[in-house]
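Q: I have a model open and would like to go through it with someone. Could we start with what surrounds the nucleic acid?

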There are 2 protein chains.
Amino acid sequence: MAGMADGRAAKGGKPTLRDVAELAGVSSMTASRVLRGDPRASAATRERVQAAADELGYMPNHMARSLRLGEGTGLVGLLVTNLANPFYSQLALGVDSVLAPHGLKTVIANTKQDPVTERELVDDLVARRVDGIVAVPASTDQRHLATAAAGGVPVVLASRPPEGFEADCVLVDDFGGARRATEDLLAQGHRRIGFVGSPRTVYTGTERLKGFTDALDAAGLPVDERYVRQGQKTTGEATLAARELLSLPDPPTALFCSNNRNTIGAYHAIRAAGRSTALTGFDDFELADALGLPLTVVAYDTDQLGRRSAELLVSRIRPADRPPSGKPRRITVPTELVTYNSGGKQVR
Amino acid sequence: MAGMADGRAAKGGKPTLRDVAELAGVSSMTASRVLRGDPRASAATRERVQAAADELGYMPNHMARSLRLGEGTGLVGLLVTNLANPFYSQLALGVDSVLAPHGLKTVIANTKQDPVTERELVDDLVARRVDGIVAVPASTDQRHLATAAAGGVPVVLASRPPEGFEADCVLVDDFGGARRATEDLLAQGHRRIGFVGSPRTVYTGTERLKGFTDALDAAGLPVDERYVRQGQKTTGEATLAARELLSLPDPPTALFCSNNRNTIGAYHAIRAAGRSTALTGFDDFELADALGLPLTVVAYDTDQLGRRSAELLVSRIRPADRPPSGKPRRITVPTELVTYNSGGKQVR
DNA sequence: CTGTTAGCGCGTTCAA
DNA sequence: TTGAACGCGCTAACAG
């Protein structure tokens, strides 16, 4: 049972159609037909071929097949910066769950936030002839994606809009969510609110900062630059940034964070400071309800973000019904304000 | 800039080597050589070919190439049950970070805990001629993986040993970690300790239960079946199971959970019960330090688990130096006991 | 019902 | 230095 099959396999590779055909005493064409369920084959040969295939443990070579048929590879690239971030892994699962039923497989392209790596990965995906790409590009320089798209590879952006080229995208209501969360803090009486967010080059960070400042403006409050910290990529960096804000002579009474990394980092800083500071952040996350201090988050369905993105992509890859109009589509996922405190979870 | 290239591309696919060759007025062979950096080409033709390639936006077809070369596909399958579980996404990142420098790409195969899906996914990976598979199979029925391995596809198991066939694997010290954690609870004076764990079919769950019971045995304590709950796969299910234990007439004073899902679920049950119950769990996780009650976890390096697995796989795929002996290798990742409480983090 | 021819895109081998 | 032939594994299209 554990032993290899005979002859052919010893030559290194896996058994081919011809190996099956020879063993069954038919042409490779006949073998091909039988194994593919083509009815044009006598019951007798059908059995012989099937037996031969079983004996050899034959598995059709998907690549050679798609090469011949001129089909795609059935591969879809997923470009993210850090798969260990729950946001990206949930997104990945959402994407894959939609792709899988279509026979499409998700290929990981993790950029580690490095622009050079990102460009190389996109080129690699194109060279591998992926049928499409779902991307969360790190910066607004998306020339590599533009090139891929111009080369005929469908591209869908998740949580960022395309810059400098046309593509479908699924966005989160960054501006609206951030503004509403900030309004909420203002309504609670906070007047000195710190902002702890992503680098300026990141779309969501910028957009959420806009929502933040817009709410302050509307309330007639100035935006104090001293209270704004941007550029943190890890929870550790976020903790340091938040600590700085809390150490200011006139420290903020509330912090608004632009993503889960910064929120968690800020949480640690607040705990360490021991002072009571209100905390609000974009992105929901596991255990947000367990932190032991009131926390408000701008929540949205990350899984849906992934699913929608994949659906848009699939509609380009397999224009089942009428192909979608060439025009780029833009979907926006809504947000809701969720407050966790000792009283439990409260959705607004 | 946004416009397609000319003629050829309109025919649907991407430009091929021959398109480049024609445009450059040379044979496809010459084009191939130039684009691959083969020195055997005059400077003149070299330039013409390069110019033609640039103009067409030519990218070599990686698949066709590897088919011709008889090389592998450069694809590695990653079989996991739930990528949204931080354990698996960290593992994925560890795996991918080792594979990437070798030009290998990670293909996601998410089984959703379904054995049928798992089998289909493995077959699909084999059909796609992946160069290898890193797998965390859901159950002890690993016949599909055994078949793949027998067919010549290198397989490495992460956090589970192979069952019924030979393969490399990287394990966690499940037994030792669980026993030590249980001993720790016993040392604190706990005599009624509940166990909240994975289904019996899962290796780690069983092994960790063994460590748990072994510690009890050594202390001369009986294992009370009423205090053992197995089969929870989600935090929600785990919360219910833990609640049941806490509702027992003679409830446990401590809970030991066999993985991060169960620990988080049990945490919620303990909070809801309002009673003081010691909590210890296998797997470290983000915010474990922030739960507001003392928590001890059996921690290990998930990233390393992934990296080691990938390294073993790579050594089989690309036997750089002397190929590793055919004998299956088994690596065990150590654990450490980490306690989080108001005093901070304490490693033992 | 079955086999032959041809070729997907590419690169090795051999000849010119 | 360059090109022609051949084949990787597979399958449409066309014989037979």
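**Around the DNA strands**

A: This is a predicted model. DNA strand D is surrounded by 24 residues, and the closest are A:Leu17, A:Tyr58, A:Arg68, B:Thr30 and B:Arg68.

Q: What part of strand D is the protein next to, sugar and phosphate or bases?

A: Counting the atoms of DNA strand D within 4 Å of the protein, 62% are in sugar or phosphate, and the rest are in bases.

Q: Which side chain sits by a base nitrogen of strand D?

A: That of B:Arg33: an N or O atom in the side chain is 2.7 Å from a base nitrogen of DNA strand D.

Q: And what about the phosphates of strand D?

A: A polar side-chain atom of B:Thr45 is 3.1 Å from a phosphate oxygen of DNA strand D. On chain A, a polar side-chain atom of A:Arg36 lies 3.5 Å from a phosphate oxygen of that strand.

Q: Which elements give two or more residues to that surface?

A: From chain A, helix H1 (17-24), H2 and H4; from chain B, H2 and H4. H4(A) has the largest share of the surface near DNA strand D, with four residues.

Q: How does the surface near strand D split by class?

A: There are ten nonpolar, seven polar and seven charged residues near DNA strand D.

Q: OK, over to strand C. Which residues come nearest?

A: A:Thr30, A:Arg68, B:Leu17, B:Met29 and B:Tyr58, out of the 24 residues around DNA strand C.

Q: What share of the strand C atoms by the protein is sugar or phosphate?

A: For DNA strand C, 56% of the atoms within 4 Å of the protein belong to sugar or phosphate; bases supply the rest.

Q: Which residues have polar atoms by its base nitrogens?

A: One is A:Arg68, with an N or O atom of the side chain 3.1 Å from a base nitrogen of DNA strand C. Another is B:Ala64, where a polar backbone atom is 3.5 Å from a base nitrogen of the strand.

Q: Where does B:Arg65 come in?

A: At a phosphate: an N or O atom in the side chain of B:Arg65 is 2.7 Å from a phosphate oxygen of DNA strand C.

Q: Which helices supply at least two residues here?

A: In chain A, helix H2 (28-35) and helix H4 (62-69); in chain B, helix H1 (17-24), helix H2 (28-35) and helix H4 (62-69). H4(B) gives the most to the surface near DNA strand C, four residues.

Q: And the classes near strand C?

A: Ten residues are nonpolar, seven polar and seven charged.

Notes: Residues numbered from 1 in each chain as written. Chains lettered and ligands numbered in written order. Predicted model: local features only at pLDDT ≥ 70, side-chain atom pairs only at ≥ 80, totals over all residues. Heavy atoms only, no water. Near = heavy atom within 4 Å. Polar contact = N/O pair within 3.5 Å; in protein donor to acceptor, adjacent residues only side chain to side chain. Nonpolar A, V, L, I, M, F, W, Y, C, P; charged D, E, K, R; others polar.
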